[in-house]
Amino acid sequence: MTATLITGIGELTTNVGAAGDPCGTRHDAAVLMDGGRIEWVGSAADAAVGASVQIVDARGRAVIPGFVDSHTHVAFGGDRADEFEARMAGTPYAAGGIRRTVAATRATSDHELRERIAGFVREMNEQGTTSIEMKTGYGLTVADEARLVRLAAEVTPEVTFLGAHVVPAEYADRREEYVELVCGPMLAACAPHSRWIDVFCERGAFTVEESRRVLTAGIAAGLMPRVHGNQLGHGDGVRLAIEMGAASVDHCTYLDDTDVAALARSGTVATLLPGVEFSTGQPYPDARRLIDEGVTVALASDCNPGSSFTSSMPFMIALAVREMRMTTAEAVWAATAGGARALRRDDIGAIAPGMRADLVLLAAPSRVHLAYRPGVPLVERVWKDGVPLS
Ligand code: NIG
Ligand code: FE
């Protein structure tokens with residue numbers, strides 16, 4: 001692999017923060033990548049050009065780290081466009097549609113699931129996402145969850161076992177037995193292919209006691225915990241996530257004062273998923289308050305067929321700025337470095353020597369355009385591990 005120098009960068013978001021600028025912005029910058037890693041970052045005037053270096057002239061445009069989408073559910077079959085239409089006509093979202101996707105996923109072959117997952121990965125890459133967390137949760141039998149973790153592990157190291165997504169229909173009257181299945185044979189089959197254990201701790205999904213059992217079993221099997229919490233109403237998800245030392249608690253739509261204060265004191269990231277509120281019509285999480293009170297905030301797409309069927313991180317940034325009063329710098333940081341924190345990764349989410357060479361060249365002079373020009377495809381070129389993806 002030849003080294004590549006991107007020079008003439010009008011605005012470089014390094015995420016190597018200085019006081020008052022978490023994005024560590026540099027102007028007239030250059031970045032050298034070699035062997036899949038960032039080799040050097042400096043001013044364009046100082047860039048030393050070796051004979052074998054391939055040069056890319058950014059012509060004054062902006063470069064940012066590749067997006068880290070730390071929450072997706074794209075291993076599924078079927079479609080729920082009818083549910084979206086009904087919701088737009090007034091039917092509220094209640095997560096009940098998850099069971100429809102479970103039925104459709106079970107009926108989809110490995111081959112078709114693999115093709116669909118590859119399609120989503122391509123779609124994400126084209127929009128600047130270079131790291132993807134991928135959850136199971138639409139299989140909910142030992143065999144189906146096991147094939148979902150295996151298929152997800154073919155495309156990303158960030159695989160999350162979410163057997164505790166909902167209690168499947170066939171266990172509706174035997175939820176205790178289902179929790180035992182998740183903590184026993186299902187976990188045993190999935191843990192070897194997963195890095196994370198997740199649970200949907202919410203009224204209508206799993207109680208705090210059930211969720212604690214699932215996370216405890218996952219940790220004992222060598223997985224790290226993360227939690228879906230406080231999505232549909234106030235509840236115990238955030239408190240449980242902190243108690244279990246979760247890397248992230250995701251949604252955080254309904255928080256009380258104690259939740260916010262506890263998050264600020266914790267090492268748990270609050271991952272906000274504004275595509276959900278856009279698509280369900282619920283109120284957006286109070287990102288401004290979380291950030292002002294010292295909570296680490298990440299942004300992710302939650303791409304799934306029910307509550308947020310978009311994989312666009314630029315769209316998340318536009319929503320965060322327009323609807324959640326985040327500055328563009330905070331939103332871009334949250335969609336890159338924030339996602340890396342939510343995945344406990346220190347090799348992605350920033351542009352600095354030694355980091356993975358995951359970068360996006362924008363067809364725009366600054367990152368502000370990601371929010372200022374919503375819906376416009378501003379991702380011009382993408383590199384993952386130093387290799388051009390587009
Ligand atoms: O993150 N909260 C639970 N799971 C998904 C929704 C899944 C669905 O509706 O299919 C979420 O929003
Ligand atoms: Fe989710």
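Which loop holds Gly-66? Gly-66 sits in the loop that runs between E5 and strand E6 (67–69). It is a handy place to start a tour of this predicted model, whose protein chain is split into domain 1 (4–66 + 349–388) and domain 2 (67–342). The bullets below start from that glycine and go on to the domains, the core, the ligand and some individual residues.

**Gly-66 and its surroundings**

- Gly-66 has 28 other C-beta atoms within 10 Å, and the cut-off for a buried residue is 20 or more, so Gly-66 counts as buried.
- Gly-66 and Gly-349 are 283 residues apart in sequence, yet their C-alpha atoms are 6.8 Å apart in space.
- Leaving aside neighbours within four places in sequence, the contacts of Gly-66 include Gly-128, Thr-129, Thr-130 and Ser-131.
- Also among the contacts of Gly-66 are Asp-358, Leu-359, Val-360, Val-382 and Lys-384.

**How the two domains meet**

- The centres of domain 1 and domain 2, taken over C-alpha atoms, are separated by 29 Å.
- At the contact between them, 20 residues of domain 1 meet 24 residues of domain 2.
- On the side of domain 1 that touches domain 2, strand E5 (62–65), helix H13 (369–372) and strand E15 (379–384) each supply at least two residues.
- E15 gives the largest share of that side, with three residues.
- By residue class, that side of domain 1 divides into 13 nonpolar, four polar and three charged residues.

**The largest nonpolar core**

- The largest nonpolar core has 122 residues, and those touching the most other members are Val-31, Val-63, Ile-317 and Ala-320.
- Helix H12 (residues 328–342) gives the most to this core, contributing nine residues.
- Domain 1 and domain 2 both give residues to this core, so it lies between them.
- Ile-317 touches Leu-299, Ala-331, Val-332, Ala-335, Leu-370 and Ala-371, once residues up to four places away in sequence are set aside.

**Two helices, H12 and H1**

- What share of the 15 residues of H12 is buried? The count is 14 of the 15, so H12 is largely enclosed by the rest of the structure.
- H12 is bent by about 45° at Ala-334.
- Arg-344, just after H12, takes a positive phi of about 50°.
- Helix H1 (residues 81–88) is hardly covered, as the count of buried residues among its eight residues is zero.
- Gly-90, just after H1, takes a positive phi of about 120°.

**Around ligand 1**

- There are 14 residues around ligand 1, and Ile-98, His-228, Asn-304, Gly-306 and Ser-307 come nearest.
- For anyone thinking about the chemistry of the shell around ligand 1, its residues divide into five nonpolar, eight polar and one charged.

**Positive phi away from glycine**

- Asp-28 is a residue other than glycine with a positive phi, near 50°, and its place is in strand E2 (residues 25–34).
- With 14 C-beta neighbours inside 10 Å, Asp-28 counts as partly exposed.
- Asn-230 is not a glycine either, but has a positive phi of about 55°.
- The loop between strand E10 (224–229) and helix H7 (237–243) is where Asn-230 is found.
- Asn-230 has 26 other C-beta atoms within 10 Å, so Asn-230 is buried.

**Val-214 and Ser-266**

- Val-214 lies in helix H6 (residues 208–220), and with 26 other C-beta atoms within 10 Å this valine is buried.
- Not counting residues up to four places away in sequence, Val-214 touches Ala-164, Val-179, Val-182, Cys-183, Ile-197, Val-199 and Phe-206.
- Val-214 and Asp-346 are 132 residues apart in sequence and 27 Å apart in space, C-alpha to C-alpha.
- Ser-266 is in the loop between helix H8 (257–265) and strand E12 (269–272).
- Ser-266 has 19 C-beta neighbours inside 10 Å, so this serine counts as partly exposed.
- From Ser-266 to Ala-247 is 9.8 Å, C-alpha to C-alpha, and the two are 19 residues apart in sequence.

How values were computed. Residues are numbered from 1 along each chain as its sequence is written. Chains are lettered from A and ligands numbered from 1 in the order in which they are written. This is a predicted model: local features need pLDDT of at least 70, side-chain atom pairs count only at pLDDT 80 or more; totals for chains, interfaces and linings use all residues. A nonpolar core is a set of buried Ala, Val, Leu, Ile, Met, Phe, Trp, Tyr and Cys residues joined through C-beta atoms within 7 Å. A residue is buried if 20 or more other C-beta atoms lie within 10 Å of its own, exposed if 12 or fewer, and partly exposed in between; C-beta atoms are placed from the backbone. Helices (H or I, at least four residues) and strands (E, at least two) are DSSP runs, numbered from the N terminus. Domain bounds come from an automatic or database domain assignment. Two residues are in contact if their C-beta atoms, placed from the backbone, lie within 7 Å. A residue is near a molecule or strand if its C-beta atom, placed from the backbone, lies within 6 Å of it. Ala, Val, Leu, Ile, Met, Phe, Trp, Tyr, Cys and Pro count as nonpolar, Asp, Glu, Lys and Arg as charged, and the others, Gly among them, as polar. The bend at a residue is the angle between axes fitted to the seven residues ending there and the seven starting there.
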